[in-house]
Amino acid sequence: MTCTKPDGKLVLLRDRLSTMDGIAVALSGGLDSSFLAAVCAGIPGLRVLAVTADSCLLPTGELDAARSLAGSLGIRHEVVRHDPLSDPIFVSNPIDRCFFCKEAVFGLCLAAAREQGFFVLADGTVSDDDGDFRPGRAAAQALGVISPLADAGLSKSDISLFREEFPALRGWRARSGACLATRFPPGAAITGERLDMVRHLEDAMAGLGFSCVRARYFDGLAKLELGPDDTVLLRDPAIVEKIVRAARETGFHSVAVDLEPYRTGRMTELDGSNR
């Protein structure tokens with residue numbers, strides 16, 4: 001079945017951006033915000049600034065990806081430092097943890113943008129995100145952060161169709177992922193040591209050829225969520241042995257594979273509440 005590009009959505013996005021004088025993009029290094037930055041960079045007369053919050057929550061390579069993209073697009077790039085582990089609320093990891101984290105991150109990005117003369121901050125939220133439990137979205141809206149992709153009705157699948165039209169996004173890394181705090185179920189304390197454990201295990205698995213992997217932390221147990229195309233690698237006993245060894249070297253006492261493939265929003269379902 002052939003996919004038809006939703007060209008009207010991209011036209012709508014560009015039309016809305018063209019009415020602005022300047023825009024700062026909260027650039028995480030992931031595909032959605034990178035796509036927004038690429039579109040903004042192509043709008044004639046639009047001043048564009050990329051702002052990235054560097055912290056212990058960024059997956060390996062995300063900051064470098066953001067820097068590289070900004071350079072490829074020829075836009076200014078500001079990096080602000082965020083220390084989430086200094087916030088006891090964040091460390092305790094309540095179900096709405098993301099609200100407090102995003103409130104701090106967007107606050108830092110807004111301050112950096114204003115210092116450079118940019119008074120509109122945009123994030124990479126897409127239309128798909130509205131169906132998930134995302135307290136961080138509420139924080140963004142409270143601070144006046146706009147979401148041009150979602151407003152234009154663009155979804156993740158739409159962006160996948162359009163990205164090859166932008167030279168800076170061709171051959172995009174499939175491994176780009178969400179912040180490492182999403183690896184912890186609500187109520188599980190988030191510490192620097194535990195963040196390093198999931199980061200190192202995911203890096204090790206990327207080195208084994210896995211393109212999509214989430215190492216969920218469950219009190220010393222690593223539960224791996226894999227993309228549908230990655231499960232075939234588990235047929236190789238040598239790779240399985242290397243995964244187990246990497247998990248134990250990282251600090252996990254055991255490792256398991258979730259039979260359900262990776263999808264967003266899994267961890268927020270674990271508190272047992274109905275939303």
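This is a short selection-by-selection tour of the predicted model you have open.

**Whole chain**

Start with everything shown as a cartoon. You should be able to count 10 helices and seven strands. Colour by accessibility next: of the 275 residues in the protein, 44% are buried. If you like contact maps, draw one too. Among contacts with a separation of 6 or more, 74% join residues 24 or more positions apart.

**The largest nonpolar core**

Now select Leu121, Leu201, Met205, Leu224 and Phe252. These are the residues with the most contacts inside the largest nonpolar core, which has 40 residues. Which elements give two or more residues to this core? Highlight strands E1 (22-26), E2 (47-54), E5 (213-218) and E6 (221-226), together with helices H5 (97-115), H9 (192-207) and H10 (237-250). H5 supplies the largest share, with seven residues.

Zoom in on leucine 224 and show what surrounds it. Leaving out residues up to four places away in sequence, leucine 224 touches Leu201 and Met205, then Val213, Arg214 and Ala215, then Ile243, and finally the run Val255, Ala256, Val257 and Asp258.

There is also a second, separate core, this one of 30 residues. Pick Leu36, Ala66, Leu149 and Phe162 to find some of its members.

**Helix H9**

Select H9 alone and check its geometry. Its 16 residues reach 22 Å from the first C-alpha to the last, close to the 22 Å expected at 1.5 Å a residue. Show side chains next: Leu195, Met197, Val198, Arg199, Leu201, Glu202 and Met205 are buried. Note that the list includes Arg199 and Glu202. What covers these buried residues? Turn E5, E6 and H10 back on, as they are among the covering elements. Then step just past the end of H9 to glycine 209, where phi is positive, at about 105 degrees.

**An aromatic cluster**

Display the aromatic rings. The model has four aromatic pairs. Begin with phenylalanine 184 and tyrosine 217: their ring centres are 5.4 Å apart and their planes meet at 35 degrees, so this pair is tilted. Phenylalanine 184 sits in the loop between H8 and H9, while tyrosine 217 belongs to strand E5, 33 residues apart, so the pair links distant parts of the chain. Are these two residues buried or exposed? Phenylalanine 184 is buried, with a relative accessible area of 1%, and tyrosine 217 is buried too, at 6%.

Stay on tyrosine 217 and add phenylalanine 252. Here the centres are 5.8 Å apart and the planes are at 50 degrees, so this pair is tilted as well. Phenylalanine 252 lies in the loop between H10 and strand E7 (254-257), and the pair therefore ties together parts that are 35 residues apart in sequence. Like tyrosine 217, phenylalanine 252 is buried. Keep Phe184, Tyr217 and Phe252 on screen together, since they form one aromatic cluster.

**A charge over a ring**

Select arginine 47 and phenylalanine 118. The charged end of arginine 47 sits over the phenylalanine 118 ring, 4.4 Å from the ring centre.

**A buried aspartate**

Move to helix H8 (residues 156-162) and pick aspartate 158. Its relative accessible area is 6%, so aspartate 158 counts as buried. Which residues is aspartate 158 in contact with, leaving aside its neighbours within four places in sequence? Show Pro6, Lys9 and Gly153. You can also draw a distance from aspartate 158 to serine 127: their C-alpha atoms are separated by 9.9 Å, with the two positions 31 residues apart along the chain.

**The cysteines**

Finish with the sulfur atoms. How many disulfides does a search of the whole structure find? Zero. Select cysteine 98 and cysteine 101 to see why. The closest cysteine sulfur to that of cysteine 98 is in cysteine 101, 6.2 Å away and too far for a bond, given that a disulfide needs the sulfur atoms within 2.5 Å. For cysteine 101, the closest cysteine sulfur is in cysteine 179, at 6.0 Å, again too far for a bond. Cysteine 98 is partly exposed, with a relative accessible area of 25%, whereas cysteine 101 is buried at 12%.

Technical notes. Residues numbered from 1 in each chain as written. Predicted model: local features only at pLDDT ≥ 70, side-chain atom pairs only at ≥ 80, totals over all residues. Heavy atoms only, no water. Buried < 20%, exposed > 50% of the residue type's maximum accessible area, 1.4 Å probe, protein only. Core = buried A, V, L, I, M, F, W, Y, C linked by side-chain atoms within 4.5 Å. Helix = DSSP H or I, 4+ residues; strand = E, 2+ residues; numbered from the N terminus. Contact = heavy atoms within 4.5 Å. Phe/Tyr/Trp six-rings, centres within 6.5 Å; stacked < 30°, edge-to-face > 60°. Lys NZ or Arg CZ within 6 Å of the ring centre and 35° of its normal. Expected span 1.5 Å × (residues − 1).
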